[in-house]
Amino acid sequence: SEGRHFWFVDAQIRSTSYSGDGAPDGATGLQVGGGQKYFFRNFGKSIHTFLAWSAGFSSDSKADATSKTETSAIYYAGNGGFRFDFTKTLFMDIEAQFFSSSLTGTTKTTAAGTGTTTESKVTELQVDTFAGAESLRFGVGMIF
């Protein structure tokens, strides 16, 4: 019998930079986490549906001419999507994020001119729903 539960590790590194006169400073981000996917019905031999949950740590930093903002959080999220098998070991996932919330998070903002820092902390015990197509994620993977 074929297993329907699979554990996964998720790691992301993000970097944005701008150039030109008056351009904002760049942004960076890091996310490390893991979770589990549960596969449901198969549509043919190579298309599968799944639901997934994940949890982990994320850190982001962005700046513009007036301030620098640093955010760190322990998050939890829920996704659903489709897996397309290209071969027995190579696949592509297309998934939509249903929600992503910070179990606990900190945001620190520093004003560029004065150096004044404000810090806020948040605990979210609710789910924050996704906002349309921007929540879609595409991935290619290999089964070892």
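So, Gly105 stands opposite Val122 in strand S6. This is a predicted model, where local features need pLDDT of at least 70, side-chain atom pairs count only at pLDDT 80 or more, and totals for chains, interfaces and linings use all residues. Residues are numbered from 1 along each chain as its sequence is written, and side-chain values use heavy atoms, with hydrogens and water left out.

Strand S6 covers residues 117-122 and pairs with S5 in the antiparallel sense over 6 bridges. Strands here are DSSP runs of E with at least two residues, numbered from the N terminus, and two of them pair if DSSP finds at least two bridges between them. Between S5 and S6 there are 5 residues, making a hairpin, and Gly115 in that turn has a positive phi of about 80 degrees.

Now, what else pairs with S5? Strand S4, residues 67-85, does so in the antiparallel sense over 19 bridges. Ser67 has Ala111 as its bridge partner in S5, and this hairpin has 4 residues between the strands. Then there is S7, residues 136-142, antiparallel to S5 over 7 bridges, with Ile94 opposite Phe138.

Let's zoom in on Thr104, which sits in S5, residues 90-111. Is Thr104 buried or exposed? Neither, in fact: Thr104 counts as partly exposed because its relative accessibility is 36%, where buried means under 20% relative accessible area, exposed over 50%, and partly exposed in between, using a 1.4 Å probe and protein chains only. Beyond its neighbours within four places in sequence, Thr104 is in contact (heavy atoms within 4.5 Å) with Ser72, Ala73, Ile74, Val122 and Thr123. The C-alpha atoms of Thr104 and Thr123 are 4.4 Å apart, with the two residues 19 apart along the chain.
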